[in-house]
Amino acid sequence: MSVRLRKWTTKEGKSEEAWQVDFVFQHTDGRKQRVVKFSPVQTRRGAEQYERELRNALLNGTFGKEQKSEERITLATFTQRFLTFSENNNKNSSVFSKRQILKHHITPFFGEMALAEIGPAEIEDFKALMRSKRSAARARKEAPTKAAIRKRQNADAKPLSLKTINNVLTVLHKLLSLAEEQRVITQAPRVRLFGKIAKPAFDFLSFDEAERLVAAAEPEWRLVLLVALKSGLRQGELIGLQWNDLSLPQGLLHVRRTIWRGIEGLPKGGRERTVDLPASVVDALKAHRHLRGRFVFCQEDGQPLTPGKMKAPLRRALQAAGITREQGQIGWHDLRHTYGSHLAMRAVPLKVVQELMGHATIEMTMRYAHLSPDTRREAVSVLDRPSVPACDIRATRAVEACNHP
């Protein structure tokens with residue numbers, strides 16, 4: 001049998017299994033050569049395809065040469081090619097995230113390993129290592145910021161979440177797939193993600209808390225908080241908002257760009273969108289008109305804001321409004337969640353919420369389909385209302401027939 005499912009037990013007593021190709025090839029000169037290899041794709045069909053590719057390589061005389069060529073390229077060597085591809089095809093924030101994941105997780109484990117040697121067993125060993133990692137395992141800066149020091153206080157290192165590990169595995173999968181696409185390896189091994197992961201929880205302000213937050217904010221920060229709560233813009237979209245993006249007579253805001261680490265780019269998803277503004281925001285924007293530059297929210301010299309400069313004003317506004325949480329704290333993205341939640345609680349159709357928030361799929365918007373506890377309580381109270389007298393459906397149909405002959 002040339003393709004079989006091999007099973008074995010490791011030294012730790014763990015049962016393992018993998019699809020293996022095992023066949024004898026006879027050359028034209030009569031020589032026989034046995035080939036035993038694990039299939040990069042761990043299915044019967046994948047192993048059968050792998051066997052056909054190996055036999056073709058033997059027939060063409062490229063079997064040994066391809067193998068030597070693959071073994072010379074390590075993951076660390078291929079990383080720069082992968083990052084170049086990412087810079088050409090991804091947003092700057094995505095490239096930065098991939099750099100961090102490669103630096104802190106993938107390269108330390110796979111760096112010196114040849115790409116051709118990375119198979120299902122090695123990937124599973126990597127997943128086991130990731131599950132044992134702690135979230136604070138990353139090296140700390142020698143000169144941490146005050147915010148970083150506050151975050152460290154009374155903070156126990158927790159295991160990496162499965163969502164974080166899946167993000168790392170996704171980058172590994174993309175790297176190996178690119179290696180296959182660029183013919184560095186014959187076939188990329190399958191990278192299995194962890195399934196059935198609970199959606200991350202998010203926080204949002206109640207209607208009363210939102211009003212208190214805006215009222216308690218410092219005057220120069222009141223408008224940006226109001227726009228965040230009433231338009232659902234992401235923080236980078238708020239920073240990149242310019243006066244020519246506003247059509248105030250029509251009450252429209254056009255989301256055309258985002259700014260991340262000082263670099264302008266398209267909004268998330270690569271698409272522009274238009275948001276309708278309530279009258280309160282339109283009036284506030286008209287009163288805010290300044291001559292410091294093209295950005296609606298900017299520093300004194302007209303330069304755009306930065307996430308660092310926006311953090312403290314929000315924290316001070318929350319403290320002044322008396323808004324606290326037992327766990328964590330409200331951030332700028334929670335104001336976007338507030339926008340989506342308030343729309344859903346006001347019975348706005350989810351399809352409209354999706355368009356206003358710029359979600360690529362309706363599944364992303366479904367997180368706002370929930371209702372607050374108070375709203376749910378009011379909803380179930382209708383069950384205690386007096387019953388409506390039963391109507392005679394035949395009489396109703398007779399009336400309809402008379403009205404619509």
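**View 1. Phenylalanine 297 and its contacts.** Skip the neighbours within four places in sequence, and phenylalanine 297 is still in contact with Leu223, Val224, Val227, Leu238, Ile239, Leu241, His288, Pro304 and Leu305. Here, contact means heavy atoms within 4.5 Å. Keep in mind that this is a predicted model: local features need pLDDT of at least 70, side-chain atom pairs count only at pLDDT 80 or more, and totals for chains, interfaces and linings use all residues. Residues are numbered from 1 along each chain as its sequence is written, and side-chain values use heavy atoms, with hydrogens and water left out.

**View 2. The largest nonpolar core.** A nonpolar core is a set of buried (under 20% relative accessible area, 1.4 Å probe, protein chains only) Ala, Val, Leu, Ile, Met, Phe, Trp, Tyr and Cys residues joined through side-chain atoms within 4.5 Å. This one has 49 residues, and Leu213, Leu285, Phe297, Trp332 and Leu335 touch the most other members. Elements that each supply at least two residues include helix 8 (207-216), strand 5 (252-255) and helix 13 (332-345). Helices (H or I, at least four residues) and strands (E, at least two) are DSSP runs, numbered from the N terminus. Helix 9 gives the most to this core, eight residues.

**View 3. Another core.** Apart from the largest core lies another, of 30 residues. Look for Phe78, Phe82, Phe110 and Met130 among them.

**View 4. Valine 382 in its loop.** You'll find valine 382 in the loop between helix 16 (373-380) and helix 17 (393-403). Valine 382 counts as partly exposed (20% to 50% relative accessible area) because its relative accessibility is 37%.
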